[in-house]
Amino acid sequence: MNQVHILNQQSLRDLSEHAKQNTRLRKNFNFHASNESSCHRLLNALEPGTYVQPHCHLSPEKDETLVVVAGRIGVLLFDTDGNVKHSVVLAAATENFGIHIPTGVFHSMVALTTGSVFFEAKAGPYVAITDSERGSWAPKEGDSEAQNFLNKMLKHFESN
């Protein structure tokens, strides 16, 4: 039986609490039935300190759309050499609240406040990111240099 989900502020707070408890400082809540679903829709909670390695999606149908529903998230877009080409702060109920990222664009995001949550939509099925989709110029999650790279990304948002 299909389940109806009412999205409210308490559900966002609960998801953020789960992210705080997670060692990766993030947690998602999937609305799609399985990783094999053709359309993925989810809430993704990020807490300050989480590191998302810059990456792109090479599959032609893997554009991503993100809409911030709570908190503030900084999004960075990179060229293929790892240079930041654009950065933007997204926050619910502000001028910039979402972004559509086409296939092949290297990107990452940082949580600028606790309780940051975005809604994400992209094509399924889930396929793990390959090495060719990871920014080879950025450390992998868990590497000793990941914190330094995260700090560099955060510097793009110091005046915001």
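In the predicted model, ring pairs link Tyr51, Phe78, Phe106, Trp137 and Phe149 into a cluster. A search of the whole structure finds six aromatic pairs. In one of these, the ring centres of Phe106 and Trp137 lie 5.6 Å apart and the planes meet at 65°, so the pair is classed as edge-to-face. Phe106 belongs to strand 7, whereas Trp137 is found in the loop between strand 8 and helix 2, so this pair ties together parts that are 31 residues apart in sequence. Phe106 is buried, with a relative accessible area of 10%. Trp137, in contrast, is partly exposed, its relative accessible area being 22%.

Trp137 also pairs with Phe149; here the centres are 6.4 Å apart and the planes stand at 35°, so the arrangement is tilted. This pair again links distant parts of the chain, with Trp137 in the loop between strand 8 and helix 2 and Phe149 in helix 2, twelve residues apart. Phe149 has a relative accessibility of 14% and counts as buried. Trp137 therefore takes part both in an edge-to-face pair with Phe106 and in a tilted pair with Phe149.

Phe149 is one of the buried residues of helix 2, which are Ala146, Phe149, Leu150 and Met153. Around the helix axis these residues cover an arc of only 105°, which puts them on the same side of helix 2. An α-helix has 3.6 residues a turn, so residues three or four places apart point the same way. The face turned away from the buried side of helix 2 carries the exposed residues Lys152 and Lys155. Strand 4 (72-78) and strand 7 (106-111) are included in what covers the buried residues of helix 2. Phe106, the ring partner of Trp137, lies in strand 7.

Charged side chains were examined next. Side chains of opposite charge can pair when their charged atoms come close. The count comes to eight salt bridges. Glu141 forms one of them with Arg24, the closest N and O atoms being separated by 2.7 Å. Glu141 is located in the loop between strand 8 (116-123) and helix 2 (146-155), and Arg24 in the loop between helix 1 (9-21) and strand 1 (26-30), so the pair ties together parts that are 117 residues apart in sequence. Both partners are partly exposed, with a relative accessible area of 39% for Glu141 and 41% for Arg24.

A further salt bridge joins Arg26 to Glu141, with the closest N and O atoms 3.1 Å apart. This pair, too, links distant parts of the chain, since Arg26 is in strand 1 and Glu141 in the loop between strand 8 and helix 2, 115 residues apart. Arg26 counts as buried, at 14% relative accessibility. The salt bridge of Glu64 with Lys122 has its closest N and O atoms 3.8 Å apart. Glu64 lies in strand 3 (residues 64-70) and Lys122 in strand 8, so the two tie together parts that are 58 residues apart in sequence. Glu64 is buried, with a relative accessible area of 5%, while Lys122 is partly exposed, at 21%. Through salt bridges that share partners, Arg24, Arg26 and Glu141 are joined into one network.

The surroundings of Glu64 include further polar and non-polar side chains. In addition to the salt bridge with Lys122, the side chain of Glu64 makes a polar contact of 2.9 Å with the side chain of His57. When neighbours within four places in sequence are left aside, Glu64 is in contact with His55, His57, Ile99, His100, Ile101, His107, Glu120, Ala121 and Lys122. Thus His57 appears both as a polar partner of Glu64 and among the residues in contact with Glu64.

Note on methods
Residues are numbered from 1 along each chain as its sequence is written. This is a predicted model: local features need pLDDT of at least 70, side-chain atom pairs count only at pLDDT 80 or more; totals for chains, interfaces and linings use all residues. Side-chain values use heavy atoms; hydrogens and water are left out. A salt bridge is a side-chain nitrogen of Lys or Arg within 4 Å of a carboxyl oxygen of Asp or Glu. Helices (H or I, at least four residues) and strands (E, at least two) are DSSP runs, numbered from the N terminus. Buried means under 20% relative accessible area, exposed over 50%, partly exposed in between (1.4 Å probe, protein chains only). A polar contact is a pair of N or O atoms within 3.5 Å; within protein, one must be able to donate a hydrogen and the other to accept it, and residues adjacent in sequence count only if both atoms are side-chain atoms. Contact means heavy atoms within 4.5 Å. The arc is that of the directions from the helix axis to the C-beta atoms. Rings of Phe, Tyr and Trp (its six-membered ring) pair if their centres lie within 6.5 Å; planes under 30 degrees apart count as stacked, over 60 as edge-to-face and the rest as tilted.
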